[in-house]
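Visitor: Could you walk me through one part of this model at the level of single residues? I'd like to start from one side chain and work outwards from there.

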Amino acid sequence: MSVKECTHHKDKKRKLVRRLFAGILIFLFVVLLTILLVWAILQPKKPRFILQDATIFNFNVSAPNIFSTSIQITIYARNPNDKIGIYYDKMKTYANYHKQQITYYTQIPSVYQGHKDVNIWSPFVFSNNVPISPLNGPDLKEDQQNGGVWLDFKIDGRVKWRVGTITTGHYHLHVTCTAYVPFGNHLGDGGIFVGNNAVKYQLARGCDVSV
């Protein structure tokens with residue numbers, strides 16, 4: 001093969017590679033543009049969460065400022081979108097006292113939530129002998145005198161949106177449900193005994209949701 005033929009062959013190969021690369025870029029651009037247009041037209045809404053109730057099996061403080069907790073919560077989650085489904089993944093729930101985590105992580109199973117669908121989760125949040133930060137000591141002492149505390153029940157995880165056959169990447173989900181929890185498992189205002197000295201409180205409190 002002559003030098004001229006070899007050069008011509010290489011030029012044809014470069015042109016083919018450039019065309020192939022340009023075709024891939026155009027295809028990706030069209031797909032991305034389609035997703036953005038669908039996204040803009042449908043305007044997805046973030047899911048709605050409600051803390052429906054809390055059943056207290058154990059919630060006590062022992063000296064010096066040690067939490068022991070066993071609470072079952074019921075979480076209502078609704079997809080408000082007409083044409084968009086939601087995938088929930090790597091969900092975990094726990095409880096905070098004054099921004100300090102006082103329970104272990106409890107996993108919530110992954111699930112797909114269709115249009116306008118509702119899911120109900122009833123996880124336990126629990127811990128044994130968790131020390132409270134000295135910075136929260138004065139507030140805890142005051143709360144003990146008042147007979148209960150405000151807790152933030154947290155849900156952290158990831159969501160993906162599904163529109164037809166198109167599924168987006170992951171987005172971080174953060175949910176905060178705040179509720180007043182009496183100490184012990186004695187009957188407080190609005191509570192009912194549900195067996196084994198457990199007390200259930202109907203709450204129906206809306207949660208803050210960030211996606």
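Leaving aside its neighbours within four places in sequence, which residues is Thr69 in contact with?

Guide: Bear in mind that what you're looking at is a predicted model. Setting aside neighbours within four places in sequence, Thr69 is in contact with Asn58 and Phe59, with Ile102 and Thr103, and with Val125, Phe126 and Ser127. Thr69 itself belongs to strand S2, residues 66-78. Its relative accessible area is 3%, so Thr69 counts as buried, the cut-off being under 20%.

Now hop over to another threonine, Thr93, which sits in strand S3. Thr93 is buried because its relative accessibility is 1%. Once you skip its neighbours within four places in sequence, the contacts of Thr93 are Ile73, Tyr104, Tyr105, Thr106, Ile108, Pro123, Val125, Lys154 and Ile155. Val125 turns up in the contact lists of Thr69 and Thr93, so that's a handy residue to click on if you want to get from one threonine to the other. As for distances, the C-alpha atoms of Thr93 and Lys116 are 23 Å apart, with the two positions 23 residues apart along the chain.

Lys154 deserves a closer look. Besides being on the contact list of Thr93, Lys154 has its backbone oxygen 2.8 Å from a polar atom of the Thr93 side chain. Lys154 is in strand S9 and is the bridge partner of Tyr94. That pair is part of the ladder between S3 (residues 85-97) and S9 (residues 148-163), an antiparallel pairing with ten bridges.

S3 has further partners. Strand S4, residues 100-101, runs antiparallel to S3 and is joined to it by two bridges, with Asn96 opposite Gln101. Two residues separate the strands in that S3-S4 hairpin, and His98 there adopts a positive phi near 50°. Strand S5 (residues 106-108) is antiparallel to S3 too, with three bridges, and there Lys92 faces Gln107. Thr106 and Ile108, two contacts of Thr93, fall within S5. Strand S6, residues 111-113, makes three bridges with S3, again antiparallel, and Ile86 lines up with Gln113.

Going the other way from S3, cross S9 and keep walking. S9 pairs antiparallel with strand S11 (residues 171-182) through twelve bridges, and Trp150 stands opposite Tyr180 in that pairing. S11 in turn pairs with strand S14, residues 208-210, over three antiparallel bridges. Look for Val175 and its partner Val209 in S14 to find that spot. So the path to trace on screen is S3 to S9, S9 to S11, then S11 to S14.

For contrast with the buried threonines, swing round to helix H1, residues 3-42, where you'll find Leu20. Leu20 is exposed, because its relative accessibility is 57% and the cut-off for exposed is over 50%. Together with Ile24, Phe27, Leu28 and Val31, Leu20 makes a nonpolar surface patch of about 490 Å². Set that beside Thr69, buried at 3%, and Thr93, buried at 1%, and you have both ends of the range to look at.

Notes. Residues are numbered from 1 along each chain as its sequence is written. This is a predicted model: local features need pLDDT of at least 70, side-chain atom pairs count only at pLDDT 80 or more; totals for chains, interfaces and linings use all residues. Side-chain values use heavy atoms; hydrogens and water are left out. Two strands pair if DSSP finds at least two bridges between them. Helices (H or I, at least four residues) and strands (E, at least two) are DSSP runs, numbered from the N terminus. Buried means under 20% relative accessible area, exposed over 50%, partly exposed in between (1.4 Å probe, protein chains only). Contact means heavy atoms within 4.5 Å. A polar contact is a pair of N or O atoms within 3.5 Å; within protein, one must be able to donate a hydrogen and the other to accept it, and residues adjacent in sequence count only if both atoms are side-chain atoms. Patches are made of residues with over 30% relative accessible area and no salt bridge: like charges are joined within 9 Å, nonpolar side chains (Val, Leu, Ile, Met, Phe, Trp, Tyr) within 5 Å. Accessible areas come from the Shrake-Rupley method with a 1.4 Å probe; for residues, only the protein chains shown count as cover. A salt bridge is a side-chain nitrogen of Lys or Arg within 4 Å of a carboxyl oxygen of Asp or Glu.
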